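The following exercises concern the fold of a single protein chain. Please examine the sequence and the structure before reading the solutions.

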Amino acid sequence: MSYVDGFVLAVPKANLEAYRVVAANAAAVWKEHGALAVVEAVGDDVPYGELTSFPRAVQAKEDEVVVFSWIVHASREARDATNAKVMEDPRITCTMETMPFDGKRMIFGGFTAIVEV
C-alpha cells in the first residue's frame with residue numbers, strides 16, 4: 001500500500017495564481033525525488049459547515065479558497081527519503097514568510113493507505 005501526505009489550506013483568491021506557480025514548481029521537485037503523484041485541487045463545492053468543514057478547519061476567510069492537496073509515495077520509507085531530498089533541494093525556496101498563503105493555518109499529515117483501487 002502507498003503512503004500519502006495530505007494538506008488542506010486557505011489561499012487568498014488574489015494569490016491563487018501565485019500559489020499555483022509555487023505548487024507546480026514544488027510538485028516537479030517532489031516527483032523528481034521520488035513522489036509517485038502530486039495533486040493540487042481548489043475547492044469549488046466546499047460548504048461552510050455548522051460544526052466542521054474544510055473552511056472551518058483552516059479558518060478560511062471570505063476572500064480565500066480552500067486547497068486540498070496530496071502527494072503519493074510508494075511507502076512511508078520512500079516518503080521519508082523523498083522529503084529529505086526535497087528539503088535539501090535549492091529549488092524549494094518558499095518559506096512560511098514568503099508563501100502566498102498563511103502557513104500557520106495549513107493542516108497536514110502522513111497517512112498509510114488501507115484501500116487502493
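Four exercises follow, each with a worked solution, and all of them refer to a predicted model.

**Exercise 1.** Determine which pattern the chain follows when read along the sequence.

*Solution.* Begin with the inventory: the chain has three helices and four strands. Then read along the sequence, which gives the pattern β-α-β-α-β-α-β. Finally, consider the contacts with a separation of 6 or more: 82% of them are between residues 24 or more positions apart.

**Exercise 2.** Establish in which order the four strands form the sheet, and which strands lie at the edges.

*Solution.* Step one is to follow the pairings of strand S3 (residues 64–73). Strand S1 (residues 3–12) is joined to S3 by 10 bridges, and the two run antiparallel. Within this pairing, Gly6 stands opposite Trp70, and Val11 stands opposite Val65. Strand S2 (residues 37–42) is also antiparallel to S3, with six bridges between them; here Val42 faces Val67 as its opposite residue.

Step two is to assemble the whole: the open sheet has the order S2-S3-S1-S4, with antiparallel pairing. The edge strands are S2 and S4 (107–112), each of which pairs on one side only. On average, neighbouring strands of the sheet are turned by 15° against each other, direction ignored.

**Exercise 3.** Describe how helices H1 and H3 are placed against the sheet, and decide whether Arg79 is buried or exposed.

*Solution.* Helix H1 (residues 16–32) lies across S1, S2 and S3 and runs at about 170° to S2. H3 packs on the sheet and touches S1, S3 and S4, its direction making about 50° with that of S1.

Arg79 is located in helix H3 (residues 76–88). Its relative accessibility is 13%, and the limit for a buried residue is under 20%; therefore Arg79 counts as buried. Apart from neighbours within four places in sequence, Arg79 contacts Tyr3, Asp5, His73 and Gly110.

Strand S3 may be considered alongside this helix: eight of the 10 residues in S3 are buried, so the strand is mostly covered.

**Exercise 4.** Assess whether the radius of gyration agrees or disagrees with that of a compact globule.

*Solution.* A compact globule of 117 residues would have a radius of gyration near 13 Å; the chain has 15 Å, which agrees. For the dimensions, the C-alpha trace spans about 40 × 35 × 20 Å along its principal axes. Turning to the surface, the accessible area of the chain is about 7,500 Å², and 59% of this belongs to carbon and sulfur atoms. Of the 117 residues, 36% are buried.

Note on methods. Residues are numbered from 1 along each chain as its sequence is written. This is a predicted model: local features need pLDDT of at least 70, side-chain atom pairs count only at pLDDT 80 or more; totals for chains, interfaces and linings use all residues. Side-chain values use heavy atoms; hydrogens and water are left out. Buried means under 20% relative accessible area, exposed over 50%, partly exposed in between (1.4 Å probe, protein chains only). Contact means heavy atoms within 4.5 Å. Two strands pair if DSSP finds at least two bridges between them. Axes are lines fitted to C-alpha atoms, for helices over the stretch in contact, and angles run from 0 to 180 degrees between N-to-C directions. The radius of gyration is taken over C-alpha atoms; the globule rule is 2.2 Å times the number of residues to the power 0.38. Accessible areas come from the Shrake-Rupley method with a 1.4 Å probe; for residues, only the protein chains shown count as cover.
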